[in-house]
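Got the viewer open? Here's a short tour, with a helix to start and a sheet to finish.

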Amino acid sequence: MHKKVIAGLALFSLMTTWASAAALRVAADPVPHSEILNQIKQTDKHLDLKVIELNGNLNANELLARGDVDANYFQHVPYLRDQEKALGEKFVVVATVHIEPLGIYSHKIKSLKDIPDGAQVAVPNNVTNLSRALYLLQANGVIKLKGNGDASTLVTTADISDNPRHLKIIEIEAPQLPRALDDATLAIINGNYALQAGLVPSKDALALEQAKGNPYANVLVTTPKLAHDPRILELAKDLESKQTAEFINQQYKGSVIPVHL
């Protein structure tokens, strides 16, 4: 074999070894995603995992597309597909981990039966979670939507066909929804943001999404280039393991639900 070819193969092998030995950089929301990843760091000593906690100014899919991280763990598939369209990128789902039920919360009323006429309802302003919020209101008899009730069909406030309490729907950035509880009668909050705010969804929510048949499981996402990276595959296996499911059940007591029991 030609010396240059041999040298090139040796260099490629060395670069591959360096890549596989490097820390796996994963962007994740603080709760519960980073907590779950940090638990895996303790239990899987073979995996060099660097957890990068997200804040409101970071888009984890943009970070992934730029190569600033190797994977992210914070989103569900409908949101991911919407992001792919917005960014003009293609990503790969490598593990399906848990469900964070969307919940209806209030500091002003104790039951949905007590919603006053004209109440303000704060909801997430991104397309998929807004749709989830409206379906959750419909499931609890607060509003009615056009269509056949298929939750996989995205809806907006324009699809409200019956609003007997004349609710005023206010769209807000999802991380800010817990703060809206001081002003709005109701706030429909993603599970992770509820937990970060000190709420216990299984106890504090007036109503929660059902886990059965829920299409909004949170997933581990990477690029097509890294989809078969040994580090990614090991983390995916860890996230879908019985051990991780047991940790989620013990840690969050129904506020976060593992997909793989």
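One cut-off before you click: a residue is called exposed when its relative accessible area is over 50%, and buried when that value is under 20%. Keep in mind, too, that this is a predicted model.

**Stop one: helix H10.** Select residues 242-252 and show side chains. Thr244, Ala245, Phe247, Ile248 and Tyr252 are the buried ones here. Now look down the helix axis: the buried residues fall within an arc of 160°, so they line one face of H10. Spin round to the face turned away from that buried side, and you'll find the exposed residues Lys242 and Gln250.

What do the buried residues of H10 pack against? Add helix H2 (30-43), strand E4 (92-99), helix H7 (191-196), helix H9 (230-239) and strand E13 (257-258) to your selection, and you have the answer. Before moving on, check the backbone just after H10: lysine 253 has a positive phi of about 50°.

**Stop two: the sheet.** Next, pick out the open sheet of five strands, ordered E9-E6-E10-E5-E11 with mixed pairing. At its edges stand E9 (168-172) and E11 (207-208); each has a single partner strand, so one side of each lacks a neighbour in the sheet.

Zoom in on E5 (residues 103-105), which runs antiparallel to E11 and is joined to it by two bridges. Isoleucine 104 has alanine 207 of E11 as its bridge partner.

**Last stop: helix H5.** Select residues 127-139, the helix that packs on this sheet. H5 touches E5, E6 (120-124), E9, E10 (186-189) and E11, and its direction makes about 135° with that of E6.

Terms used
Residues are numbered from 1 along each chain as its sequence is written. This is a predicted model: local features need pLDDT of at least 70, side-chain atom pairs count only at pLDDT 80 or more; totals for chains, interfaces and linings use all residues. Side-chain values use heavy atoms; hydrogens and water are left out. Buried means under 20% relative accessible area, exposed over 50%, partly exposed in between (1.4 Å probe, protein chains only). Helices (H or I, at least four residues) and strands (E, at least two) are DSSP runs, numbered from the N terminus. The arc is that of the directions from the helix axis to the C-beta atoms. Contact means heavy atoms within 4.5 Å. Two strands pair if DSSP finds at least two bridges between them. Axes are lines fitted to C-alpha atoms, for helices over the stretch in contact, and angles run from 0 to 180 degrees between N-to-C directions.
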